[in-house]
Amino acid sequence: MSPVKKTVADDDRESTEWRRGGRTVLFSAIGYGSAAVLFVLTASVFVKPTMQATGWSTSEVLVSPIAILLLTACGPLAGRIADQWGARRTIVTGLVPYIVMLVLFATLPINKFTFYGLAVAIGIVGSFAYMVPFNRAVASWFDKGAGKAFGLVGVGSAVTPLLAIPLVTLAIYNIGWQAGYLILAGFALLISMPAVLFGIKERPHDGEDVPVSRGSESAADLSTPLSVKAVLRTPRYWVFSSSIVAVTAATTAFIANLQPMLLDGGVSLAVATTVTTLFSVGMVIGRLGGGALLDIFPKHKVAVAVTILLVAALGALSMTVAGSVPIAITAIGVMLVAASSGAEADFGAYFLLKEYGRTNFGSLYATALAFSGIAGVSYPYVFSFIRDSTGSYFWATIAGAGALALGALAILIFGLTGPRGSTNSSDRTQSSTDRDTVSAV
């Protein structure tokens, strides 16, 4: 495979996108990383202090699966509203009650009713300040540089916890476990809200700019993109969505079980902890690298995605022999799986934008993520069940590698069943789009 030769016009188009939309990418990354995703990423810090304060069991204080399930399950509603209202208004609509819920978490006397009730409320309102609306804002500006743009937004969720987790931990162990939620509220109020209000800008009437590819239909029929209902009736959409589901299931299961998996393999606690931290590094590499490769090889994007996921599957298989091979091999395997997790987030946004256009991007992207959220909550328990039933993680690791391979197969089928000879809609209409954009900016 040889890199696609980029013309001067391509370079000009991408540089123009970054001049006009780069600000939105930067502040979307800041806003996303400081909003509802931070509640999930810091959840493990609260577990033991909450158990000690309440006397509840581990399963009773574990609210992150509830939040994850609702953040993704409510995504289609958030995406539809973002398509109609605009991303910025949607995000602010979610941020305000999300901040209120965090303050209530920190101040109300906690019993199981308020504890679970607030977790449910955060999952529902937080979906409006979660991944879909932020990517929707970025999608309104980008075509040629869409891969890198989506990747940079995701990096916000990897970088912000480096600051948030120490601050939350400090508050919990010096003031009390509920004080940690005030820190999260502060991130949302003082960082995410200003970033959204003053940093995110959407291109006016962007839904009219990029009509979707409709296969062999005439150019005259391309002025109106397919409706959400029409897309949801096409098998290809569900084939691609199944890839997101499979990869999310595998990577979340590895995240949840990685350290005990390594310890079961005979790796020491210190080494297992070190290798576990590499997962975050691998995710950042995957987000940036996956998006960049999609932009570099736009005509071979299916091959890029399939290759990354198959290599990640091989990395997952290497974990079946953790402890009996040099730790460097296991560490590489962990980073490959993590990179697939980061890259898959880019793949979902990128392929759906390229295939179906901007108009209904939020709704279609959120619907795919909703099913992946269910898989992401359930598959870690599948790993644990296999471990309890067989006494080892061997077959669980095989199942994870198989899910990654199935994700690659789904993307391959998606690519092979596409209309022949059709050109991406955004490429066909970019000249008129650029003229419209100049007048809109």
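Hi everyone, this is a short walk through a few helices, one buried leucine and some salt bridges. Please keep in mind that the model is predicted.

Let's start with a pair of helices. Helix α15 covers residues 301-318 and helix α18 covers residues 394-416. Their axes sit 8 Å apart, and the packing angle is about 170°. How do the two run relative to each other, roughly parallel or roughly antiparallel? An angle over 145 degrees counts as roughly antiparallel, so α15 is roughly antiparallel to α18.

What do the two helices bring to this contact? From α15 we have, among them, Val 302, Leu 309, Ala 313 and Leu 317. On the α18 side, the residues include Ile 398, Leu 404, Ala 408 and Ile 411. If you sort the residues of this contact by type, you get 16 nonpolar, 3 polar and no charged.

Now let me pick out one of those residues, Leu 404, which belongs to helix α18. Is Leu 404 buried or exposed? Leu 404 has a relative accessible area of 0%, so it is buried. Who is around it? Setting aside neighbours within four places in sequence, Leu 404 touches Leu 309, Ala 312, Ala 313 and Ala 316, and also Val 247, Ala 250, Thr 251 and Ser 340. Here is another way to see the fold at this spot: Leu 404 and Ile 308 are 96 residues apart in sequence, yet their C-alpha atoms are 9.7 Å apart in space.

Let's move to another helix, α7, which takes in residues 87-107. With 21 residues, α7 reaches 31 Å from its first C-alpha to its last, close to the expected 30 Å. Several of its residues are buried, including Ile 91, Leu 95, Tyr 98, Met 101 and Phe 105. What covers them? The cover includes α2, α6, α8, α9 and α11.

That brings me to the charged side chains. The count for this model comes to 9 salt bridges, and I'd like to show you three of them.

In the first example, Glu 14 meets Lys 148, with 2.8 Å from N to O. Glu 14 is in helix α1 and Lys 148 is in helix α10, so this pair ties together parts that are 134 residues apart in sequence. Glu 14 is buried, at 8% relative accessible area, whereas Lys 148 counts as partly exposed at 25%.

In the next example, Asp 264 and Arg 387 meet at 2.4 Å, N to O. This pair links helix α13, which holds Asp 264, with helix α17, which holds Arg 387, and the two residues are 123 residues apart. Asp 264 is partly exposed, with a relative accessible area of 42%, and Arg 387 is partly exposed too, at 24%.

My last example is Asp 346 with Arg 287, at 3.0 Å from N to O. Asp 346 lies in helix α16 and Arg 287 in helix α14, so the bridge ties together parts 59 residues apart in sequence. Are these two partners buried or exposed? Asp 346 is buried, with 0% relative accessible area, and Arg 287 counts as buried at 8%.

One more thing before I stop: Arg 13, Asp 143 and Lys 354 are joined into one network by salt bridges that share partners.

That's my tour, and thanks for listening!

Note on methods:
Residues numbered from 1 in each chain as written. Predicted model: local features only at pLDDT ≥ 70, side-chain atom pairs only at ≥ 80, totals over all residues. Heavy atoms only, no water. Axes fitted to C-alpha atoms, helices over the stretch in contact; angles between N-to-C directions. Helix = DSSP H or I, 4+ residues; strand = E, 2+ residues; numbered from the N terminus. Parallel < 35°, antiparallel > 145°, perpendicular 65-115°, else oblique. Contact = heavy atoms within 4.5 Å. Nonpolar A, V, L, I, M, F, W, Y, C, P; charged D, E, K, R; others polar. Expected span 1.5 Å × (residues − 1). Buried < 20%, exposed > 50% of the residue type's maximum accessible area, 1.4 Å probe, protein only. Salt bridge = Lys/Arg side-chain N within 4 Å of Asp/Glu carboxyl O.
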